[in-house]
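Q: Could you take me on a close look at the metal site of this structure, and then at one of its strands? I would enjoy a connected walk through both.

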Amino acid sequence: MADLNLSASPSPRGVNPKASAPQGPAAGTSKLRMSPTGDHSPASRTAGALIGVVSVVALALAIFLSNPTAPTTQGTGTGMGTTASSVTPTGHTTRVSVGVEGMAFTPNHIEVPVGDRLIIDFTNSGDQRHDLVFETGVSSGSLATGETKELDLGVISGDVEGWCSLPGHREMGMTLHVQATGASSSSSGASASGSHAGHDHGQDAAGPATPTALTDYAATIDARDPVLPPATDETERYYTFTVTEQTVNVTSSLTRETWTFNGEAPGPILRGHIGDTFHITLVNNGTMSHSLDFHAGLVAPDNVMRSIEPGQTLEYTFVAKNAGIWLYHCSTAPMSMHIANGMFGAVIIDPTDLDKVDREYVMVASELYLGADGQSADASLLSALSPNAMAFNGVPFQYKAHPIQIKANERVRVWVMDAGPNLATTFHVVGAQFDTVWREGAYVIRGGGSGGGWGQVLSLGAAEGGFVEFTPLEAGHYSFVNHALSLAEKGQVGVFEVSD
Ligand SMILES: [Cu+2]
């Protein structure tokens, strides 16, 4: 395969504090209860309100003396933007345990009396890595399943927003709202700066990713080799899929973070025969949880498709029982994000009655949701199913910049997999008609003029696959496109350059 020019440099962590030292073991399972340790009786509050200005100073001093690290002083290290200057500390501490269930914090709403110091015991009780960050800058760092971290939010003077900063997790619902009870409507727990970190980019930030910029960049790198070699003869097949996270260029001035199997998006294209056994070792060398789902297998998902932690491995074995071009992908939530960042590929299991062809290629169609420079897929664009770039074999416009060379009257087969994660691919070759269309395990058209009909498009929804066969009769430039043309214009287009 040609060099994809993937940078091997460590990906910048940016606003996502994904890596952190392991914390202590899980602190049990009853984490969802709120356990205020202070006194919030109405009588004490009323009395406190009547103390007066002089007493406030005395109270603050008393708090300081009893706990020199309390947030009434500078240098607490919590990053909390609120101090005693904007609210009267009560001297009480509210302590709350927060866990994770699916893609949500439990609880996801905490009420804290204004002036209380808030400490959250955050335990990642979910099934993959998460963090908990607040707009104030307080952050747990990335926690493995079962890890716990104490977060000191300092004295609460107004509402504070928290969320999981792993890509896509906030958009899946991982938010935590701290409501300051008794606060005046104008008060705020913190400046809003950073509350939309990783959110406000998207179309604007990807502005440099114009078709021209994408094509110009594709011309400067080698195209990924689209040739599909024949299946080898072994029946026991062994592969290692190593997950890494890295930053790659999409134009000369715009990079994105990709998550990949073996350093490439798409990952390896595997090919075998019906009856072959595939032994896959998944190695997670990334910073977050990842997993694998092979559509080519018929196995209970529970064990083999589970998410594994950075540093862990998993054995995934399946027997290929049926022909197809089968998608594989990371199935860690949100799957759309993991696929959009590059975690997809294909397993081709040949039908037993493939015709002979002169050339055989594979095209894996995918969508790019480019955000700010160096970031992973933009969650807002992803949720809106609005990719700003499209690709065959991972790189927009690469086969327009590097046309695929064939000869007139050669018979060509193109396997096509729609990796999505969302949109359909209607594969068309300008100037050709398909005498054979095989889609999702069956010949839709076969034999062309001998009564089998002719086709113009192989129509695939997300995760569908098939192949087409055709023979260009004359020299020339035959573009191949997703005939959803707005998507072709974003990069899902290439050229077969046919010579005599
Ligand atoms: Cu993943």
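A: Happy to, keeping in mind that this is a predicted model. Let's begin at the metal.

The copper ion is held by four residues: H290 and H338 each offer their ND1 atom, C330 gives SG and M343 gives SD, at 2.0 to 2.6 Å. Read along the chain, these donors follow the spacing H-x39-C-x7-H-x4-M. The two histidines bring distant parts of the chain together, being 48 residues apart: H290 sits in the loop between β13 (277-284) and β14 (293-294), while H338 belongs to helix α5 (residues 335-340). H290 and H338 are both buried. As for the geometry, the angles subtended by the four donor atoms at the copper ion run from 86 to 136°. The arrangement counts as irregular because a tetrahedral site needs all angles between 85 and 135 degrees.

Now to the strand, β9, which spans residues 175-181. Its side chains alternate between two faces: L176, V178 and A180 point to one face and are buried, whereas T175, H177, Q179 and T181 point to the other and are not buried.

Strand β9 has pairings of both senses. With β4 (residues 109-113) it pairs in the parallel sense, over five bridges, and there I110 stands opposite V178, one of the buried residues of β9. With β8 (residues 160-163) it runs antiparallel, joined by four bridges. Here E161 has H177 as its bridge partner, and H177 is on the face of β9 that is not buried.

Terms used:
Residues numbered from 1 in each chain as written. Predicted model: local features only at pLDDT ≥ 70, side-chain atom pairs only at ≥ 80, totals over all residues. Heavy atoms only, no water. Buried < 20%, exposed > 50% of the residue type's maximum accessible area, 1.4 Å probe, protein only. Pairing = 2+ DSSP bridges. Donors = N, O, S within 2.8 Å, 3.2 Å for Na, K, Ca; no water. Tetrahedral: all angles 85-135°; square planar, octahedral: opposite > 155°, others 65-115°.
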